[in-house]
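Subject: Structure handover

Hello,

Here is the structure for you to open. My notes on what was found follow below it.

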Amino acid sequence: MAIRHRTRTEPVDELRRAIDCLPKATRRAMLEGVRAGERIIAGAYVDGSGGVCPMLAAHRRGARTNFLSFARAWDRFTRARRRARDATTRELDILARQLESSLMSEDDLHLDRAIVEHRQLVMRRVRAQADPTGEIRARRLRVSSSRAPARALQSAAAACGAGAERRPHTAPEAADREALGAASS
């Protein structure tokens, strides 16, 4: 029997998913709180000496969101146990980068939508310029040879894409040859 390894979700991936689920206003407010130099902690909502979790920092800046999965993901990421502690500079840098990345990816969605709309408009314009009236236009083929009828048919067939396949030449049977010989004499 094969040994199955249990795949464990990385704490930073779990944190990113929780951040992506937050409303945009909450992510912005949280980023402002982290950048403002407010004392951010891990393992609790507040501590007795003025430290706050990132969610409370967002609350203080007007984003009134209560999102328990973010708090759990933050505590797992920081490996905070039941005791509050200051978040390290590294943890705060990662949180800020994840928040920035999440905000930028959402802004890219709006840009992607604008690009798609632009391409659709360009295609409509190209179609309108190619045939503005909806009429079918055709030109006569010019033939400048002494064998005009034969070449005209060949060039018309080539323009239409026809004539690519050729019928194999079959030799007339003996009875047909005799009939042809009698008719010519």
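Helices (H or I, at least four residues) and strands (E, at least two) are DSSP runs, numbered from the N terminus. By that rule, Glu32 sits in helix 2, residues 24-35.

Two ground rules before the rest. This is a predicted model, where local features need pLDDT of at least 70 and side-chain atom pairs count only at pLDDT 80 or more, while totals for chains, interfaces and linings use all residues. Residues are numbered from 1 along each chain as its sequence is written, and side-chain values use heavy atoms, with hydrogens and water left out.

Overall layout

The chain has seven helices and two strands. Read from the N terminus, the order is α-α-β-α-α-β-α-α-α. There are 185 residues, and 25% of them count as buried. Buried means under 20% relative accessible area, exposed means over 50%, and partly exposed lies in between (1.4 Å probe, protein chains only). Contact means heavy atoms within 4.5 Å. Among contacts between residues at least 6 apart in sequence, 63% join residues at least 24 apart.

Back to Glu32. Its relative accessible area is 47%, so Glu32 is partly exposed. Its C-alpha atom is 7.7 Å from that of Ala58, 26 residues away along the chain.

Helices 1 and 4

Helix 1 covers residues 11-21. Its buried residues are Pro11, Leu15, Arg16, Ala18 and Ile19. They lie on the same side of helix 1, because they cover an arc of only 165 degrees around the axis. The arc is that of the directions from the helix axis to the C-beta atoms.

Helix 4 covers residues 68-78. Here Phe70, Ala73, Trp74, Phe77 and Thr78 are buried. Their arc is only 125 degrees around the axis, so they too are on the same side of their helix.

Where does Phe70 sit? It is in helix 4. Phe70 counts as buried because its relative accessibility is 1%. Leaving out residues up to four places away in sequence, Phe70 touches Leu15, Ala18, Ile19, Leu22, Met30, Pro54, Met55 and Leu95. Take Leu15 from that list. Phe70 and Leu15 are 55 residues apart in sequence, yet 6.8 Å apart in space, C-alpha to C-alpha.

Thr78 is also in helix 4. With a relative accessible area of 3%, Thr78 is buried. What does Thr78 touch, not counting residues up to four places away in sequence? The partners are Ala42, Arg85 and Glu91. The C-alpha atoms of Thr78 and Leu92 are 9.7 Å apart, with their positions 14 residues apart along the chain.

After helix 4

Arg79 follows helix 4. Its place is in the loop between helix 4 and strand 2 (85-86). Check its backbone: phi is near 55 degrees, a positive value in a residue other than glycine. Is Arg79 buried or exposed? It is exposed, with a relative accessible area of 65%.

The largest pocket

Arg79 also helps line the largest pocket. The other lining residues are Gly43, Arg72, Asp75, Arg76, Ala80, Arg81 and Arg82. About 200 Å³ of space lies in this pocket.

The terms: on a 1 Å grid over the protein atoms alone, a pocket is an open set of points with protein on both sides within 12 Å along at least five of seven lines, unlike a cavity, where a 1.4 Å probe fits but cannot get out. Lining residues have an atom within 4 Å of a point. Grid points are joined across faces, edges and corners, and the volume is the space filled by probe spheres set on them.

By type, the lining divides into one nonpolar, one polar and six charged residues. Asp, Glu, Lys and Arg count as charged; Ala, Val, Leu, Ile, Met, Phe, Trp, Tyr, Cys and Pro as nonpolar; the others, Gly among them, as polar.

Cysteines

How many disulfides does the structure hold? Zero. A disulfide here is a pair of cysteine sulfur atoms within 2.5 Å. Cys21 is exposed, at 52% relative accessible area, whereas Cys53 counts as buried, at 8%.

Best wishes
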